[in-house]
Amino acid sequence: MWDQRNNPDFSQQLVSWRRMFHENPEVSTKEKQTSLAVADILQGMGVEVQTFQEHFGLCAIIRGDHAGPVVAFRADMDALPITEVSDAPYRSTRPGVMHACGHDGHMAIALGVAKLFSSCRSKLAGTVKILFQPAEEAAPTGGAALLINEGVLDDGDVIFGLHLWPDLPCGQIGTCAGPLMAASDRFTITLLGQGAHAGQPQNGVDAITMAADIIQGLGHIMSRQIDPLETATLSVGTIEGGERYNVIAREVVLNGTVRTLGEKVRKEIPAKMERLLAGMTAAQGGDYTLHYQYGYPVLNNWTEPTEIVIQAARQVIGEKAVHNNIRPVLAAEDFGRYLAKMPGTYFWLGCAKAGQKNYGLHSPNFDIDEDALLIGSQIMFQAGLLALTHYGKQEQAVANDKASIYLLNKEVECGLEATAATRSPL
């Protein structure tokens with residue numbers, strides 16, 4: 001277990017922030033009160049906060065007293081339209097809305113990082129930016145582009161992000177260089193037939209029959225037209241059509257998603273879908289429309305930032321607790337948009353409770369081991385320190401920065417027992 005005796009106040013503050021956000025969730029693009037609460041906490045620390053007219057995102061800025069690079073962190077703020085099933089004292093107070101994806105914890109961790117960096121800005125060589133992003137759950141568009149378009153990262157050197165991950169025990173992390181999470185695209189297929197009496201099917205064009213054949217054909221694209229060494233999946237999530245039990249359906253609408261880990265195969269799939277749809281609908285005398293919407297890109301971790309996180313995590317939780325070649329998943333995250341713009345990395349922060357049943361992300365039962373909040377804050381802070389050293393831009397600046405960062409790192413290393421908890425060897 002984590003020994004929090006040397007630092008109960010900081011750890012408890014993280015838990016208090018997380019529970020406040022958990023009790024008061026807001027869905028994508030509606031994060032007004034959440035944003036105001038975050039800004040109020042940051043301003044109470046003396047941290048500069050940048051707000052925006054078109055959305056509820058925030059950018060916290062901590063300027064060190066010495067010149068250096070710009071290191072960014074990101075936390076998402078939105079909750080999900082899910083009714084929580086819990087008897088926890090901090091359960092959601094808003095029916096039908098719940099932090100079922102850990103964004104409450106992400107905000108608490110980011111506020112912890114802000115507190116740690118703001119407390120040592122006099123020795124800091126560089127600038128730290130902490131992004132509080134709206135609308136991460138609003139796929140396929142998402143909220144990352146909102147902050148990118150505001151230009152808050154135009155001077156950035158590197159960005160770090162994390163996600164609470166119930167598939168890993170609390171006290172462990174998982175990451176890898178390269179693809180960690182999938183590109184997520186969405187499609188809508190409208191199949192157009194011709195209605196007729198069910199007793200005279202020859203007078204119509206059955207859109208339901210077309211749909212059945214096309215669903216099978218879409219599966220054949222994945223199994224026979226895509227390199228089997230590539231990672232790709234296509235799923236039809238909804239099917240709607242028909243008007244009455246004894247009428248040949250004139251229209252069917254299919255909605256689905258495509259997940260891929262490579263941009264080349266991602267670009268191939270829509271063209272293959274068009275070819276299939278054109279052939280199969282023409283063969284039955286029908287027609288179609290395909291609306292294909294590219295969503296979140298592949299979350300593709302850069303090598304150097306990933307190594308920085310691995311090194312930082314090993315310093316905090318020990319080498320055995322760091323899984324640095326973890327298998328990617330086909331869930332998606334719009335943090336990939338940041339990584340398409342600049343160097344950075346993303347990791348999964350274990351939050352499963354030991355000896356208890358744990359529920360997956362987006363479950364109405366989802367909850368976390370709150371010790372993960374302290375671990376995440378420590379790892380992010382240490383990664384930021386290492387990044388400030390690594391991303392010095394000019395030789396003279398690097399020479400000057402190293403002295404400041406060295407002192408800061410030594411201070412942090414010597415003071416970890418007083419400013420953050422330490423973990424027993426695994």
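Here is a short chat about the sheet, helices and hollows of a predicted model.

Local features here need pLDDT of at least 70 and side-chain atom pairs count only at pLDDT 80 or more, while totals for chains, interfaces and linings use all residues. Residues are numbered from 1 along each chain as its sequence is written, and side-chain values use heavy atoms, with hydrogens and water left out.

Visitor: Which strands stand at the edges of the open sheet?
Guide: Strands are DSSP runs of E with at least two residues, helices are runs of H or I with at least four, and both are numbered from the N terminus. Two strands pair if DSSP finds at least two bridges between them, and eight strands go β1-β2-β4-β3-β5-β16-β6-β15 with mixed pairing. Each edge strand has a single partner, so one side of it is left without a neighbour in the sheet: these are β1 (48-50) and β15 (322-323).

Visitor: In β4, what is the bridge partner of Arg63?
Guide: Strands of a sheet pair through backbone hydrogen bonds, either parallel or antiparallel. Here β2 (residues 58-63) and β4 (residues 125-133) run antiparallel, joined by six bridges. For Arg63, the partner in β4 is Thr127.

Visitor: At what angle to β3 does helix α3 run?
Guide: Axes are lines fitted to C-alpha atoms, for helices over the stretch in contact (heavy atoms within 4.5 Å). Angles run from 0 to 180 degrees between N-to-C directions. Helix α3 (residues 103-118) lies across β2, β3 (66-76), β4, β5 and β16 (344-352), and its angle to β3 is about 160 degrees.

Visitor: Which element gives the largest share of the lining of the largest cavity?
Guide: On a 1 Å grid over the protein atoms alone, a cavity is a set of points where a 1.4 Å probe fits but cannot get out, and lining residues have an atom within 4 Å of a point. The lining includes Phe73, His106, Leu162 and Met380. Two elements, β3 and α3, give two or more residues. The largest share, four residues, comes from α3.

Visitor: What is the volume of the largest pocket?
Guide: A pocket is an open set of points with protein on both sides within 12 Å along at least five of seven lines. Its points are joined across faces, edges and corners, and the volume is the space filled by probe spheres set on them. The largest pocket is lined by 24 residues, with Glu137, Arg259, Ala331, Ala332 and His362 nearest its centre. Its volume is about 510 Å³.
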